[in-house]
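Please look through the sequence and the structure below before reading on. The paragraphs after it are meant as a guided walk for someone who has not met this structure before.

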Amino acid sequence: MEQHTQHVDEHYDHIGSKMGMWLFIFTELILFGGLFIVYSVYRFMHPTAFHLAAEELDVAIGTINTVILLISSATIAMSITAMQQRKKKLCLGFMFATIFLGLVFLVNKYFEWKVKFEHGHYPGSDTLHELGHGDTLFYGLYFFMTGLHALHIVVGLIIIGFVVRYVINDKVNPERFALLENGGLYWHLVDVIWIFLFPLFYLIH
Amino acid sequence: MSKDDQHITSYKTISLVLLGLLFFTFLTVAITRVELGPYNTSAAMIIAGLKAALVLVYFMHLKFDQKVFGIMVIFVLLVFLAVIVVTFFDYLYR
């Protein structure tokens, strides 16, 4: 009888999986890029309304949220370093820190939006109807773009949550952590988008 | 082994990049407080571009990964730039 030793080559293409993630990130960049162009064109057509409406936004809360997202980007990057150094607990700690910061971002966003709703600045409101076309466009874009971004935060948190599970049961390990890297790439993408949203809506008057 | 030559970004590098990002954030808030007229927008966009570049190059690992990733990103940015230019030619000269 021939000796039957089974040899399994697990398919693991680290570069390929990263390439796939980047291709997906490009579609996201183009999605938000298109929205940025829409914003620029409407701003160009309604300069005064956009100028005045932008002054209504809370720069303080926007700055705090920017700082929170930047720190969370650093913590997810550090979780990869910890993984490469085979420090599982530290890696998980950084991932939980990222999830916590993402949640804080969303809570801030909730309070920010709440104030806008209380002032009647929400899509389809009578207040905006009286203010005119420019303000309607500004707040429409504000809610759509920051809302779509917040949705990406939620998705990013879910992805990181899954990766946490895989790190705990060692499916993601120092030999095989493309999933963690790709989750990190997604989180950084969310950060890059916010880096442009913040000045466009909150700062430029 | 391909696994072993993977670049490890040090905590120090990540922290320095984070400090740079925070510095640019406060700089852009401060700059837009000053009335620079039309330069406000360009200043804010240039700083945002620098911040995005820091995130892409260090956090998203473009500096340490295979060159093909960087080339792909530059290509996509050029396509996006072309769309912006074409759109604004349309709006400025219609």
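What follows takes up the domains, then the salt bridges, and then a patch on the surface.

The model is a predicted one, and a convenient place to begin is chain B. Its domain assignment gives two parts, domain 1 covering 8–63 and domain 2 covering 66–94. Taken over C-alpha atoms, the centres of domain 1 of chain B and domain 2 of chain B are separated by 21 Å.

How many salt bridges does a search of the whole structure find over all chains? The search finds six, and among them is the one in which the side chains of E181(A) and K18(A) meet, with 3.5 Å from N to O. Because E181(A) belongs to helix 7 (residues 178–203) of chain A and K18(A) to helix 1 (residues 14–45) of chain A, this pair ties together parts that lie 163 residues apart in sequence. Both E181(A) and K18(A) are buried, and a network of salt bridges links K18(A) and E181(A) with D65(B).

Another salt bridge joins K109(A) and E112(A), whose closest N and O atoms are 3.3 Å apart. These two residues, K109(A) and E112(A), are three residues apart in helix 4 (residues 88–118) of chain A, so they are separated by about one helical turn. K109(A) counts as buried because its relative accessibility is 4%, where the cut-off for buried is under 20%, and E112(A) is likewise buried, with a relative accessible area of 3%.

In chain B, the side chains of D90(B) and R94(B) meet in a salt bridge of 2.8 Å, N to O. Are these two residues buried or exposed? D90(B), at 37% relative accessibility, counts as partly exposed, whereas R94(B) is exposed, with a relative accessible area of 67%.

The last feature is a nonpolar patch on the surface, with an area of about 1100 Å². Its residues from chain A are V38(A), Y42(A), F44(A) and M45(A), while those from chain B are I74(B), L78(B), L81(B), V85(B), F89(B), L92(B) and Y93(B). Helix 1 of chain A and helix 3 (67–93) of chain B each supply at least two residues of this nonpolar patch. Which helix gives the most to the nonpolar patch? Helix 3 of chain B does, with seven residues, and F89(B), one of the residues that make the patch, has its place in that helix 3 of chain B.

Notes: Residues numbered from 1 in each chain as written. Chains lettered and ligands numbered in written order. Predicted model: local features only at pLDDT ≥ 70, side-chain atom pairs only at ≥ 80, totals over all residues. Heavy atoms only, no water. Domains from an automatic or database assignment. Salt bridge = Lys/Arg side-chain N within 4 Å of Asp/Glu carboxyl O. Helix = DSSP H or I, 4+ residues; strand = E, 2+ residues; numbered from the N terminus. Buried < 20%, exposed > 50% of the residue type's maximum accessible area, 1.4 Å probe, protein only. Patch = residues over 30% accessible without salt bridge, like charges linked within 9 Å, V, L, I, M, F, W, Y side chains within 5 Å. Areas by Shrake-Rupley, 256 points an atom, 1.4 Å probe, with all protein chains shown as cover.
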